[in-house]
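Here is a friendly briefing to read alongside the model. Please keep the sequence and the 3D view open as you go.

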Amino acid sequence: DGLRLLRAVRFLAALDLEPAEGLLEAMGAERESIRGVSPERVLDEMSKVLRGPDPERAVRALSEAGVLELSLPDWSGDPDAVEALGRVLPDAERGSVSAVAMGLAALLAPEPRDLDAVTDRLERLKSSKELRNSVVAVLRARAQIEDLVGAAEPADALERGRRVALARDPSFEAAASLARASADPGGTAAALHKAIERLREL
């Protein structure tokens, strides 16, 4: 059962174990077995990984073994997306956004503004409509926050009523966390922090 590959890294992370020598290579050799697992079961196991105590470590192991690209549709292989998990998931469960939605928003959106592509990936995973809507809401709010950073004046990106609506959106804190995790520390991070704080003051 290919699902054992996902369970293996979940237990490694949960129990704070180091993989035995050759384990990741052996997992990689068996990775095609994931294709025989239904998308619903894959998503269920990935959800357990994302809700676990160290999801970044588990997902990194899946990526290194070449299993993640067969588990998540169109996985980009972006190591920054994996690293972002460690920064965004401690903020999960804030507002109405779950750790699973936060994790999938980070992993399935190398181009976070392409919401149709993200929706398609979630549909191929047979996710619930509720989960799809949650992921898309986070990414839409993230795009609006980032638009404010690039604008000379806030009103150039969003008029005040829409800024107020964004700040009160249940997805706002999750989107802000994801935007911060994805920001260039030497570039937009300071401007992003300022934009987020201004929104919180509305």
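The notes below go from the whole chain to its core, one helix and a few single residues.

This is a predicted model, in which local features need pLDDT of at least 70, side-chain atom pairs count only at pLDDT 80 or more, and totals for chains, interfaces and linings use all residues. Residues are numbered from 1 along each chain as its sequence is written, and side-chain values use heavy atoms, leaving out hydrogens and water.

**Overall build**
- The chain holds 13 helices and 0 strands; helices (H or I, at least four residues) and strands (E, at least two) are DSSP runs, numbered from the N terminus.
- Its radius of gyration is 18 Å, which agrees with the value near 17 Å for a compact globule of 202 residues; the radius is taken over C-alpha atoms, and the globule rule is 2.2 Å times the number of residues to the power 0.38.
- Along the principal axes, the C-alpha atoms fill a box of roughly 55 × 35 × 25 Å.
- Among contacts (heavy atoms within 4.5 Å) between residues at least 6 apart in sequence, 72% join residues at least 24 apart.

**Surface and charge**
- Of the 202 residues, 47% count as buried; buried means under 20% relative accessible area, exposed over 50%, and partly exposed in between, with a 1.4 Å probe and protein chains only.
- About 10100 Å² of the chain is exposed, and carbon and sulfur atoms supply 47% of that area; the areas come from the Shrake-Rupley method with a 1.4 Å probe, and for residues only the protein chains shown count as cover.
- There are 28 positive and 36 negative side chains, and the centres of the two sets lie 5 Å apart. Lys and Arg count as positive and Asp and Glu as negative, while His and the chain ends are not counted; each charge is placed at NZ of Lys, CZ of Arg, CG of Asp or CD of Glu.

**The nonpolar core**
- The largest nonpolar core has 68 residues, of which L72, L104, L107, V135 and I145 touch the most other members. Such a core is a set of buried Ala, Val, Leu, Ile, Met, Phe, Trp, Tyr and Cys residues joined through side-chain atoms within 4.5 Å.
- Not counting residues up to four places away in sequence, L72 touches M46, L104, L107, L108 and L125.

**Helix 7**
- Helix 7 (residues 99–107) is largely enclosed by the rest of the structure, because 9 of its 9 residues are buried.
- Its buried residues, including G103 and L104, pack against helix 3 (39–50), helix 4 (55–64), helix 6, helix 8 (115–124), helix 9 (129–150) and helix 12 (172–182).

**Residues worth a look**
- D16, in the loop between helix 1 (3–14) and helix 2 (23–29), has a positive phi near 55° although it is not glycine. D16 is exposed, with a relative accessible area of 60%.
- D74 also has a positive phi, near 60°, in a residue other than glycine. D74 sits in the loop between helix 5 (68–71) and helix 6 (79–88) and is partly exposed at 47% relative accessibility.
- E159 lies in the loop between helix 10 (154–157) and helix 11 (160–168). E159 and P39 are 120 residues apart in sequence and 41 Å apart in space, C-alpha to C-alpha.
- R163 belongs to helix 11 and counts as buried at 13% relative accessibility. Not counting residues up to four places away in sequence, R163 touches L148, P154, A155, L158, L199 and L202.
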